[in-house]
Amino acid sequence: MASLIEFNLFAPRNQGAALIGSFLEWKEIPMEKAEDGYFRTQVELEDGVYQYKFRVQTKSPNFEPDQWVDLIDPYATDVDEERKVGIVRIKDGKKIVDTYVWQHDDTPLPENHELVIYEMHVADFTGGEVVSYKRGKYVDAIEKLDYLKELGINAIELMPVNEYPGDYSWGYKVRHYFATESSYGSTEDLKRFIDECHARGIRVFVDGIYNHTDEECPLMLIDRNYWYYEHMHYPEDPNNYWGPEFNYDNYDEKLDVKPAWKYVGDVVRFWVQEYHIDGIRFDAVRQLANNEFLNWLATQAKKNTAPKPFYNIAEHIPDTSTITTPEGPLDACWHESFRYFVIPHICGEKFEPEKLKEVLDPRRQGYAASINVVNYLATHDREHLLRELGERGIFDEDAFRRAKLGAVLLITAMGIPMLWMGEEFGEHKRKSETVTQPKKIAWPLLEKDQNRDLFEYYKKLIVLRKHNPALQSDNIEFFHEDVDAKVLAYVRWNEEGSRVVVLANFSDQNLSGYHVPEFPSAGRWHEWTGNYDVEAGEDGIMIDIEPYQAKVCVWR
């Protein structure tokens, strides 16, 4: 039985619009414009799958005045880019995205302070193990979830999964915000991936690209200057211009609406409700530069979640505490300065304890709490640590020893640790020169002893991070500093008595019987990475520390 299905298009400054679809042999169906700025029409449709698009008299300045242009619905939840059409599914007389039934919504998920994040690009995470040119899909990533569960991470930060131009990209120029990237799989595949993550206690965050869009985003074709800045938002900074930028200052007095706020707010609500995501990483926040909007948007995201935690993360380079709670709009900021100061120390280029203290204790930079920073050694935008070491002529055993030192600092510092995929087993491939250059992670590396050993080392540290509340606290104290020996020691603790001490050697010298006075407590401690006990006396501790090594001592 056919049902009356409404199609609508928000285009308040446009003169005319029509619906064209496979349901009427692609003949134009006129749409009526209402005072709320919407064009509407209704069509009787049986249950099924249909293709459609809109034809609009454009107001965009790169066309002739009121020229008729065809475009995909900016709210289309599925698209066929080749045919330039949206896809609508009708079931039981209503529009649906798909028929997926969620299985694991009731599974408890970790709170924000408990997180260990894994950044993933779907196309490069899997698919290349047998055929090097094969791009990974959601179904391939699902097959690797047990590996990630074994590693111990409990959150995945997906690089953009909205529909972008072409079949391979990092995804940072979104064309269709409500549709998922078709080269990765179907909407059901993405939901199943998220559901299977939840089944394993793993949260899923998505990359939100709300500063700019692709040049052929449908909004650009309807009325560019209604949703976007007419010119570059920051003409003095052309290197950080990636496409037409949303204008969050534009206000339509007649309709009492901020167009860009409305659209992006609808996008966030849709992804939270339809895909059950657990957080958003907000791209290019420094360029977006509107804290009032970000505060509103972050609040919208949390209003629309089930009773479970949500995490709003800023990518703001350089990082700044002004963007994070309690005063700023978002929960956390990518902690670029952590990498910036830690990498040269691991590479042996300097020993500046005060700089290390600043990033190991972000409160010294103005951040209020551990959950306000996301620490990392590498991201999709930065080289892997093994690559950084290799470019300085540091290879093999020496490189892996230093990688373990980096792992200790990452996992035991104040802040939420994040790994870029492959970092846990020593991936060293150079990062992509362009955003359309595939860079598969090399899974065969895990078959090599040193790489597998690094993976096991990360596993052991992540277990400690997740199960020792001292490492989830807002407490850190630096109790030993030796500029000559290049040693820095700190203790993490909580009020209930959990304590973890880190002794880090940033020199190329083997420190045998090294004395650390004023150790936090006399008594028996357990060295976590080597699995043995050490005794601290009233006068401190004597311990052997190899070059570029960290000892992790846990109070028994």
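Q: Which residue with a positive phi follows α9?
A: That residue is G348, whose phi is near 80°. This is a predicted model, in which local features need pLDDT of at least 70 and side-chain atom pairs count only at pLDDT 80 or more, while totals for chains, interfaces and linings use all residues. Residues are numbered from 1 along each chain as its sequence is written, and side-chain values use heavy atoms, with hydrogens and water left out.

Q: And how many residues of helix α9 are buried?
A: Helix α9 covers residues 336–346, and 10 of its 11 residues are buried, so α9 is largely enclosed by the rest of the structure. Helices (H or I, at least four residues) and strands (E, at least two) are DSSP runs numbered from the N terminus, and buried means under 20% relative accessible area, exposed over 50% and partly exposed in between, with a 1.4 Å probe and protein chains only. The buried residues are E336, S337, F338, R339, F341, V342, I343, P344, H345 and I346.

Q: What covers those buried residues of α9?
A: The cover includes two strands, β18 (332–334) and β19 (373–376), together with the helices α10 (353–360), α11 (385–390) and α12.

Q: OK, α12 then. At what angle do α12 and α13 pack?
A: Helix α12 (residues 396–412) and α13 pack at about 15°, with their axes 10 Å apart; axes are lines fitted to C-alpha atoms, for helices over the stretch in contact, and angles run from 0 to 180 degrees between N-to-C directions. That angle makes α12 roughly parallel to α13, since angles under 35 degrees count as roughly parallel, over 145 as roughly antiparallel, 65 to 115 as roughly perpendicular and the rest as oblique.

Q: Which residues of α12 and α13 meet there?
A: On the α12 side they are D396, E397, F400, A403, K404, A407, V408, L410, I411 and T412, and these meet Q450, N451, D453, L454, Y457, Y458, L461, I462 and R465 in α13; contact means heavy atoms within 4.5 Å. By class, this contact has 11 nonpolar, three polar and five charged residues, where Ala, Val, Leu, Ile, Met, Phe, Trp, Tyr, Cys and Pro count as nonpolar, Asp, Glu, Lys and Arg as charged, and the others, Gly among them, as polar.

Q: New topic: in what order do the six strands of the open sheet come?
A: The order is β21-β22-β23-β28-β25-β26, with antiparallel pairing; two strands pair if DSSP finds at least two bridges between them. The edge strands are β21 and β26 (532–536), each of which pairs on one side only, and neighbouring strands are turned by 25° against each other on average, direction ignored.

Q: How many bridges join β21 and β22?
A: These two strands pair over six bridges in the antiparallel sense, and F478 has Y490 in β22 as its bridge partner. Helix α13 (residues 449–467) packs on this sheet, where it touches β22, β23 (499–505) and β28 (549–555), and its direction makes about 35° with that of β28.

Q: What about K486, where does that lie?
A: K486 lies in the loop between β21 (476–482) and β22 (487–493), and at 31% relative accessibility it counts as partly exposed. Not counting residues up to four places away in sequence, K486 touches F351, A504, N505, F506 and S507. K486 and E352 are 134 residues apart in sequence, and their C-alpha atoms are 8.8 Å apart in space.

Q: There's another lysine, K191. Is that one buried or exposed?
A: K191 counts as buried, because its relative accessibility is 2%. K191 sits in helix α4 (residues 187–199), and, leaving aside neighbours within four places in sequence, it is in contact with V97, D98, Y100, W102, E274 and Y275.

Q: Which helix do the axes of α6 come within 9 Å of?
A: That partner is helix α8 (residues 291–303), whose axis crosses the axis of α6 (residues 259–275) at roughly 30°. That makes α6 roughly parallel to α8. The contact is made by W261, V264, G265, V268, R269 and V272 of α6 and by E292, F293, W296, L297, Q300 and A301 of α8, and these residues divide into eight nonpolar, two polar and two charged.

Q: Last one: which residues lie on each side of strand β16?
A: In β16 (residues 279–282), G279 and R281 are on one side and I280 and F282 on the other, and all are buried, so both faces are covered. Strand β15 (residues 203–208) runs parallel to β16 and is joined to it by four bridges, with D207 opposite R281. Four bridges also join β16 to the parallel strand β17 (residues 311–314), where A314 is the bridge partner of F282.
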